[in-house]
Amino acid sequence: MESLKEKTAKGLFWGGMNNVVLQLVGVVFGIILGRTLNQADFGMMAMISVFSLVATTLQDSGFKTGLANLKSPKPEDYNSVFWFNILMGTGLYLLLFICAPLIARFYGVPELTALSRYAFLSIIIASLGTAQSAWLFKNLRARQMAKASMAAVLVSSTVGASMAIARMAYWSLATQGLVYVAVNTLLLWHYSEWRPTMKIDFGPVKRLFPFSMKILATNITTNVNNNVVNILLGRYFGKHATGVYNQAYQWDFKAYSLVQGMVNQVAQPVLVSLDDEPERQLKAFRKMMRFTAFIAFPLLFGLALVAREFIVIAITEKWLPSVELLQLLCISGAVMPLATLMSNLIISRGESGTYFRSTLAFCLTQITVLIAIHGMGIRAIVTAYVAINIVWLLVWHWFVRRLTGYRFVHLLLDTLPFAFAAALTMALTWLLTHQIDNLWALLLSRIVIAAAIYFIIMKAAHAKILDECIAFLLKKKHT
């Protein structure tokens with residue numbers, strides 16, 4: 001029987017494999033879509049994304065996390081959540097269908113009425129797979145979830161790109177989202193051993209309600225918070241400016257999601273399983289923090305370094321206004337996975353109320369500040385967004401320290417060495433390459449040199465996390 005350490009390592013491996021494939025496919029098709037579509041097309045989808053995300057979160061209702069937080073959920077628990085999600089998903093779609101003209105009026109873009117009604121169909125489709133996803137997640141079936149995600153993103157991206165090439169504009173982006181949810185849901189059913197029954201009992205949902213509703217409220221707040229810039233730009237600056245920002249945000253999101261998704265596959269189930277062993281739980285958490293920092297800082301700082309040449313080569317000079325915004329976003333993107341890992345620990349301790357209050361305060365702070373300075377322009381809005389995200393990492397740490405004894409010095413020891421190493425790597429790489437004129441040569445040389453320098457620094461510093469990663473990959477290859 002596999003030990004928890006082996007399950008965690010395999011979960012990280014498959015979570016990493018999943019995210020590498022997802023992001024590589026995302027890069028390829030993101031380039032195709034970026035070259036084919038214009039700023040307004042991306043801007044229109046960005047304007048309505050928050051409504052879809054909030055509705056999908058309402059449909060899920062936090063019960064996936066609630067099930068994962070149970071020591072041993074029963075089949076009837078999954079069945080109760082399954083039927084509740086379907087009812088919620090259908091009801092929410094009907095509500096948004098009616099409200100679509102109001103959304104279009106808010107932004108002053110009449111075309112959003114039809115687009116919203118089409119794109120929001122994903123809410124109903126997603127409701128069919130929440131319980132299956134929860135079962136796979138709880139049982140650490142990271143490999144199966146990875147396969148479902150990889151297949152879904154490949155099929156949906158192919159469909160979206162084909163429609164974009166056929167000049168179907170923003171409809172290609174909406175269809176891509178629908179196809180992804182449909183394929184992923186079908187494969188979750190295929191891989192999950194659990195099946196619903198017609199014996200409908202909402203008793204388990206009622207028992208999960210106090211915990212799950214706090215997760216629900218938090219996730220809604222998080223979705224609003226993550227999209228507040230899109231909302232403000234869409235309202236005050238129009239769909240073109242929203243598209244410019246959204247292009248930068250999407251590349252930043254792809255990069256930090258590579259790390260965040262990898263850790264999220266295993267963080268909560270592992271931390272919950274160690275809830276009765278505080279010292280062992282803290283040790284596992286610190287190792288996850290070091291692993292996250294080891295990957296996140298060089299990846300995001302590296303993206304900031306090559307942002308200009310990457311944008312011009314990949315999606316042409318029409319997206320040059322996105323470069324500076326992407327470089328700014330990469331700074332906060334490097335700490336996003338660390339903040340998410342801390343919030344996972346808070347949830348694993350059953351502190352969903354703490355999680356909600358912190359996220360709500362974060363959201364209110366960010367919305368207040370961004371609305372107050374929106375007259376100063378897009379750059380000021382994005383700079384403030386980045387700064388607040390970085391500062392809030394300390395707020396998450398305060399709660400984690402209170403729950404586990406994870407001191408500030410621990411946070412510094414687990415993250416700053418990798419941040420400094422990554423910053424030094426990028427500075428040396430810039431010095432060695434800044435006189436290269438050819439964009440292709442500049443991009444490739446910066447990637448190769450930065451990777452080599454970071455590896456040398458980690459080896460010279462005897463970074464244990466690097467040795468453990470190499471040992472695991474060699475073992476996996478041998479197996």
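These legends walk through a few close-ups of aromatic rings and their neighbours.

The model is predicted, so to speak of local features takes pLDDT of at least 70, side-chain atom pairs count only at pLDDT 80 or more, and totals for chains, interfaces and linings use all residues. Residues are numbered from 1 along each chain as its sequence is written, and side-chain values use heavy atoms, with hydrogens and water left out.

**View 1. F82 meets W194 edge-to-face.** This is one of 21 aromatic pairs in the structure; rings of Phe, Tyr and Trp (its six-membered ring) pair if their centres lie within 6.5 Å, and planes under 30 degrees apart count as stacked, over 60 as edge-to-face and the rest as tilted. Here the centres are 6.0 Å apart, with 65° between the planes. F82 lies in helix α4 (residues 75-107) and W194 in the loop between α9 (170-191) and α10 (203-226), so the pair ties together parts 112 residues apart in sequence. Helices (H or I, at least four residues) are DSSP runs, numbered from the N terminus. Both F82 and W194 are buried, meaning under 20% relative accessible area (exposed is over 50%, partly exposed in between; 1.4 Å probe, protein chains only).

**View 2. Y170 and W171 make a tilted pair.** Their ring centres sit 5.5 Å apart, with the planes at 40°. Y170 counts as buried at 15% relative accessibility, while W171, at 29%, counts as partly exposed.

**View 3. Y78, F82, W83, W189 and W194 gather in one aromatic cluster.** F82 and W194 are the edge-to-face pair from View 1.

**View 4. Charges sit over two rings, F106 and W251.** R235 puts its charged end 4.7 Å from the centre of the F106 ring. K254 lies over the face of W251, 5.6 Å from the ring centre. To count, NZ of Lys or CZ of Arg must be within 6 Å of the ring centre and within 35 degrees of the ring normal.

Methods
Helix = DSSP H or I, 4+ residues; strand = E, 2+ residues; numbered from the N terminus.
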